[in-house]
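Reader: I am new to this structure and would like to know how its descriptions are arrived at. Please take me through a few of them.

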Amino acid sequence: MFLLLAVLFGGGFVAIKTGLRELPPVLFASLRFDIAAVVLLAYVVLTLPEESWLPHTLEDIIGIGVAGLFLVVLNNGLLFLGQGTTTPAMASVMYGLSPVLAPVFAWWLLGDRISPVGALGIGIALSGVVVIVQPSPSAVTDASSVGQLLVLGAAVAIALGSVLLQRLSLQMKTVPLTAWAMAVGAVTLHAVSLAAGESPASVGGIGPSTVASLLLIAIPGTAVAYAIQFVLLERVGPVRTNLVSYVVPVFAALIGWLLLGATVSRWTAIGFLVVVAGFAVVERTALRREIRRLQPQEHESKSTPSSAPPCDD
């Protein structure tokens, strides 16, 4: 399931890049969630009792609004705008910074302490961004650099939205809340698309490859992928689930090369390794705990004399 999730998310970056050839970015993002919201809401209605998928408190409603604004509208609006001028591999690396940025917002909004070593890890990960973007006076107006920074903005939106949700006492489960957030986000993205002057009529002229891209990013890349992510969070916990962010760029680069002929620059690969190193430093305690848990336990019989009487325990 972990590898399947990485493939779906990695392929999603390639699908977005393909669909942007014919569709305006914000309109494309809104169409993605039109379809995904319908699929996920149908799943929720058919599989969960009514009392569990409807909001019951004001904080549930606020949670839907926060998730819709940060995790759907800002996240996808910036992601789709940024991917117009950058490669799937570069975008997936920048996007994978959200687990590293979340502790910064948790420190700011929740009062969670960041140790000096944790701060060092965040600095290492952000230095990976510098390696990838390579800022310079000429890069300020470079389309690729601007696109990468927009994708970084999407990662910031995910991290901030996730921390804001932690401040709320939600009664709704994650899956129905996400489904409603997708529906709210889709409507909002359509309004933003119209305000930006994008023409809905452009949908009528798209070709088969764009239709396929839209269906792939909406159903397996969103509705199915989110469902798998929720299952992984329950079964293996957030630390190991977040590691998928650092497997996604591998599949994004591979699928992008196979389907689009997109290459990965040396600096993107180096920057990716620096970002992963920063994540490892930030999550060092949790990763150490997970590694210990995966190690086989030594048999107690090796340290207990055979002549000893059986323990009352």
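**Reasons behind the labels**

Author: This is a predicted model. A starting point is Gly121, which lies in helix α7, residues 116-133.

Reader: Why is Gly121 called buried?

Author: Buried means under 20% relative accessible area. The value for Gly121 is 0%, so the residue counts as buried.

Reader: What is Gly121 in contact with, leaving aside its neighbours within four places in sequence?

Author: With those neighbours set aside, Gly121 is in contact with Gly278, Val281 and Val282. As for Gly111, it is 10 residues from Gly121 in sequence, and their C-alpha atoms are 19 Å apart in space.

Reader: Is Ser98 buried or exposed, and how do you know?

Author: Ser98 is part of helix α6, residues 98-109. Its relative accessibility is 12%, and the cut-off for buried is under 20%. Ser98 therefore counts as buried. Apart from neighbours within four places in sequence, Ser98 is in contact with Ala155, Ile158 and Ala159.

Reader: What makes the crossing of α5 and α8 one to describe, and which hand does it have?

Author: The axes of α5 (residues 88-95) and α8 (residues 143-166) come within 8 Å and cross at roughly 35 degrees. The crossing of α5 past α8 is right-handed.

Reader: Which residues of α5 and α8 meet?

Author: From α5 they are Met90, Ala91, Met94 and Tyr95. From α8 they are Ser144, Gln148, Val151, Leu152, Ala154, Ala155 and Ile158. By kind, the residues of this contact are 9 nonpolar, 2 polar and no charged.

Reader: How do you know that the buried residues Ala286, Leu287 and Glu290 are on the same side of α13?

Author: Ala286, Leu287 and Glu290 are buried in helix α13, residues 284-294. They cover an arc of only 100 degrees around the axis, and therefore they sit on the same side of α13. An α-helix has 3.6 residues a turn, so residues three or four places apart point the same way.

Reader: Which residues are exposed on the other side of α13?

Author: On that other side, Ile291 and Arg292 are exposed.

Reader: What is the mean pLDDT of the protein, and where is the pLDDT below 50?

Author: The mean pLDDT is 86, and 91% of the residues reach 70 or more. Over residues 298-313 the pLDDT is below 50, and this stretch has 0 contacts in the model beyond near neighbours in sequence.

Note on methods
Residues are numbered from 1 along each chain as its sequence is written. This is a predicted model: local features need pLDDT of at least 70, side-chain atom pairs count only at pLDDT 80 or more; totals for chains, interfaces and linings use all residues. Side-chain values use heavy atoms; hydrogens and water are left out. Helices (H or I, at least four residues) and strands (E, at least two) are DSSP runs, numbered from the N terminus. Buried means under 20% relative accessible area, exposed over 50%, partly exposed in between (1.4 Å probe, protein chains only). Contact means heavy atoms within 4.5 Å. pLDDT is the predictor's confidence in each residue, from 0 to 100. Axes are lines fitted to C-alpha atoms, for helices over the stretch in contact, and angles run from 0 to 180 degrees between N-to-C directions. A crossing is left-handed if the near helix is turned anticlockwise from the far one by less than a right angle, and right-handed if clockwise. Ala, Val, Leu, Ile, Met, Phe, Trp, Tyr, Cys and Pro count as nonpolar, Asp, Glu, Lys and Arg as charged, and the others, Gly among them, as polar. The arc is that of the directions from the helix axis to the C-beta atoms.
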